[in-house]
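Student: I would like to learn how to read helix packing, burial and backbone angles from a set of coordinates. Could you take me through one example with care?

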Amino acid sequence: MIYLRSSDNTDTARKPIRSLTVAALFWVGLSTTARADQIIVNGVNHTNAKVVGLDQGKIQYRLADGRTLSAWIDEVQLILVDRGGIFDDFNQAEQFLNDGDTLKAIARYERTLRLTQEFWADLIACRLAAAHDRAGQIDRAAQYFVRIVNG
């Protein structure tokens, strides 16, 4: 059992922390560390996954069972990332792109692109190329395509 010292400044006076409080703290700790992404590839919904990279045009993601899979970026219908912060804009962009609202998607992707690092910049550039292509903005799609090839 866990004890806390009382405020009466005696070493022997202790009060137990209620089990419910301990359980709640434990649950909060689990919920902040057990984050998972969602990715839909060729119509297959992978929940409890984690996007781990982008290599040669293929997105890599790890499933809950530990297997790492990859898929061509154009086979991916939706990516939802459970990391908070700047990825909230990314998730909104994914939803807008999935719903066919490409102009809103482009704005969110571009805002996210300015703040990302590592492989995410290339992944977002891929998504921007697709969004601009769907919006009929071939010149902007080509700019992002060139960026992807150079990346």
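The dialogue below goes from the overall layout to helix packing, and then to single residues.

Tutor: Bear in mind throughout that this is a predicted model. The protein has five helices and seven strands, and along the sequence these elements follow the pattern β-β-α-β-β-β-β-β-α-α-α-α.

Student: How much of the protein is buried, and what share of its contacts comes from residues 24 or more positions apart?

Tutor: Of the 151 residues in the protein, 32% are buried. Among contacts with a separation of 6 or more, residues 24 or more positions apart account for 36%.

Student: How should I describe the packing of α3 and α4?

Tutor: Two packed helices are described by the angle between their axes and the distance between the axes. In this model the axes of α3, residues 102–113, and α4, residues 120–134, come within 9 Å and cross at roughly 160°. Angles over 145 degrees count as roughly antiparallel, and α3 and α4 are therefore roughly antiparallel to each other. Their crossing is left-handed. On the α3 side the contact is made by Thr102, Ile106, Tyr109, Glu110, Thr112 and Leu113, and on the α4 side by Ala121, Ile124, Arg127, Leu128, Ala131, His132 and Arg134. Sorted by class, this contact has seven nonpolar, three polar and three charged residues.

Student: And what are the distance and the crossing angle for α4 and α5?

Tutor: The axes of α4 and α5 come within 8 Å and cross at roughly 155°, which makes α4 roughly antiparallel to α5. The crossing of α4 past α5 is left-handed. From α4, the residues Ala121, Asp122, Ala125, Cys126, Leu128, Ala129, His132 and Asp133 meet Ile138, Arg140, Ala141, Tyr144, Phe145, Arg147 and Ile148 of α5. By class, the contact of α4 with α5 has ten nonpolar, one polar and four charged residues.

Student: Since α4 appears in both pairs, why can one say that α4 is largely enclosed by the rest of the structure?

Tutor: The argument rests on a count of residues with under 20% relative accessible area. Eleven of the 15 residues of α4 are buried, so this helix is largely enclosed by the rest of the structure. The buried residues are Trp120, Ala121, Leu123, Ile124, Ala125, Cys126, Arg127, Leu128, Ala129, Ala131 and His132. What covers them includes β4 (44–55), β5 (58–62), β7 (76–80), α2 (87–99), α3 and α5 (138–150).

Student: What span should the 15 residues of α4 have, and how far apart are its end C-alpha atoms?

Tutor: At 1.5 Å a residue, the 15 residues of α4 should span 21 Å, and the end C-alpha atoms are 21 Å apart, which agrees. After the helix comes Gly136, whose phi is positive, near 80°.

Student: Which residues other than glycine have a positive phi?

Tutor: Most residues other than glycine have a negative phi, and most peptide bonds are trans. Two residues to look at here are Asn48, with a positive phi of about 55°, and Glu118, with a positive phi near 55°. Asn48 sits in strand β4, whereas Glu118 is in the loop between α3 and α4. At 67% relative accessibility, Glu118 counts as exposed.

Student: Where is Leu63, and is it buried or exposed?

Tutor: Leu63 is in the loop between β5 and β6, and with a relative accessible area of 10% it is buried. The C-alpha atoms of Leu63 and Asn48 are 6.5 Å apart, although 15 residues separate them along the chain. Once neighbours within four places in sequence are left aside, Leu63 is in contact with His46, Asn48, Ala49 and Leu69.

Student: What does Arg67 touch, and how accessible is it?

Tutor: Arg67 also lies in the loop between β5 and β6, and its relative accessibility of 47% means that it counts as partly exposed. Not counting residues up to four places away in sequence, Arg67 touches Tyr61 and Arg62. Its C-alpha atom is separated by 9.6 Å from that of Ala49, 18 residues away along the chain.

Student: As a last case, which residues does Asn91 contact?

Tutor: Asn91 lies in helix α2 and, at 15% relative accessibility, counts as buried. Beyond its neighbours within four places in sequence, Asn91 is in contact with Ile79, Leu80 and Val81.

Technical notes
Residues numbered from 1 in each chain as written. Predicted model: local features only at pLDDT ≥ 70, side-chain atom pairs only at ≥ 80, totals over all residues. Heavy atoms only, no water. Axes fitted to C-alpha atoms, helices over the stretch in contact; angles between N-to-C directions. Helix = DSSP H or I, 4+ residues; strand = E, 2+ residues; numbered from the N terminus. Parallel < 35°, antiparallel > 145°, perpendicular 65-115°, else oblique. Left-handed = near helix turned anticlockwise from the far one by under 90°. Contact = heavy atoms within 4.5 Å. Nonpolar A, V, L, I, M, F, W, Y, C, P; charged D, E, K, R; others polar. Expected span 1.5 Å × (residues − 1). Buried < 20%, exposed > 50% of the residue type's maximum accessible area, 1.4 Å probe, protein only.
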